[in-house]
Amino acid sequence: MKKVFITVLAIIILLPILLFLTPMLMYLLPIAGIILLKVKAPVIKGAIGERRVNSILTSLGEDYNIYNDLYVPNGQGGTTQVDHVVTSPYGIFVIETKNYQGWIFGKENQRYWTQTIYQRKEKLFNPIWQNYGHIQALKSCIGKEDLEFIYSIIAFSQKATLKCKDDFTSARVITFGQLTKVIKEWNVQRITYSELKDINQVLEGLIITDKKEKNELKKKHIKDIRNNRKDRDQKGKERIHQNVCPKCSGELTRRRGKYGSFYGCSRFPKCRYTKQVS
């Protein structure tokens with residue numbers, strides 16, 4: 001009887017509060033959903049792009065083995081995340097997926113490329129440089145540091161328009177729809193089946209099927225990236241304090257410009273690093 005009384009009393013007390021909060025929650029939940037979607041949008045778009053590329057690659061044929069979303073040891077106690085690796089007797093193809101839209105501008109030796117959608121511009125780290133790091137880690141992992149027949153491919157969404165004027169020498173920069181055609185341009189056997197078997201065995205060892213284990217590895221990977229970024233920022237600040245350019249190790253000199261004093265690299269125009277005098 002006592003429990004029933006307490007339950008009824010709790011309902012009487014809580015019901016008005018719930019009735020008061022319900023309209024507010026109905027208003028706040030969609031807003032919270034929109035905010036969460038914006039935060040997660042890059043991750044969601046990236047995953048959609050990787051699935052699309054995976055679907056395209058499955059049509060390559062029996063000569064090709066496909067490995068997706070690999071976390072490859074980078075030799076520094078961490079990992080580098082590789083979107084897709086395709087192995088074949090004709091070479092190894094390392095593919096960096098960019099599910100972007102809009103106009104894409106960039107040069108092979110630029111640190112950052114530009115994505116333009118109407119009047120809005122966004123920077124993205126040079127994907128050729130990014131994939132170069134993946135390839136070096138992969139070569140080390142499979143024990144083939146001197147392997148020549150490993151090719152870099154940067155694949156953008158069909159919604160992207162590539163405005164890159166220069167030809168690229170160290171990578172192919174294409175859209176999703178060109179993937180199979182470009183990969184099959186390499187049609188001369190360069191890797192023996194024995195070598196290929198060894199390479200595939202190593203890559204298969206990197207496949208993680210357990211979702212919990214994969215999530216833990218992903219969290220560690222993201223944490224390592226953030227820690228490495230903090231270390232680089234700290235080292236950069238120390239170098240600036242010593243009047244050393246954090247980009248090219250040149251000497252920083254104090255100059256005066258239209259908007260006041262600033263530090264500029266002595267190697268200008270080769271290096272255009274500047275920092276405003278605080």
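In the predicted model, S59 lies in the loop that links α1 (2-57) to β1. With a relative accessible area of 53%, S59 is classed as exposed, because this value is over the 50% cut-off. The chain brings S59 and T180 together in space: the two residues are 121 residues apart along the chain, yet their C-alpha atoms are separated by 7.8 Å.

The interior of the model was examined next. The largest nonpolar core comprises 18 residues, and L70, V72, V85, I92, L138, I150 and L203 are those with the most contacts inside it. At least two residues of this core are supplied by each of the strands β1 (65-73), β2 (79-88) and β3 (91-98) and by each of the helices α2 (127-142) and α4 (193-204). Helix α2 provides the largest share, with 4 residues. When residues up to four places away in sequence are not counted, V72 touches G78, T79, T80, V82, A137, L138, C141 and L206. Separate from this core is a second one of 17 residues, among them L60, Y64, F176 and L179.

Nonpolar side chains also occur at the surface. Y112, F125 and W129 make a nonpolar surface patch of about 270 Å². Of these residues, F125 is located in strand β6 (residues 120-125). The relative accessibility of F125 is 33%, and the residue therefore counts as partly exposed, a class that lies between the limits of 20% and 50%.

Conventions
Residues are numbered from 1 along each chain as its sequence is written. This is a predicted model: local features need pLDDT of at least 70, side-chain atom pairs count only at pLDDT 80 or more; totals for chains, interfaces and linings use all residues. Side-chain values use heavy atoms; hydrogens and water are left out. A nonpolar core is a set of buried Ala, Val, Leu, Ile, Met, Phe, Trp, Tyr and Cys residues joined through side-chain atoms within 4.5 Å. Buried means under 20% relative accessible area, exposed over 50%, partly exposed in between (1.4 Å probe, protein chains only). Contact means heavy atoms within 4.5 Å. Patches are made of residues with over 30% relative accessible area and no salt bridge: like charges are joined within 9 Å, nonpolar side chains (Val, Leu, Ile, Met, Phe, Trp, Tyr) within 5 Å. Accessible areas come from the Shrake-Rupley method with a 1.4 Å probe; for residues, only the protein chains shown count as cover. A salt bridge is a side-chain nitrogen of Lys or Arg within 4 Å of a carboxyl oxygen of Asp or Glu.
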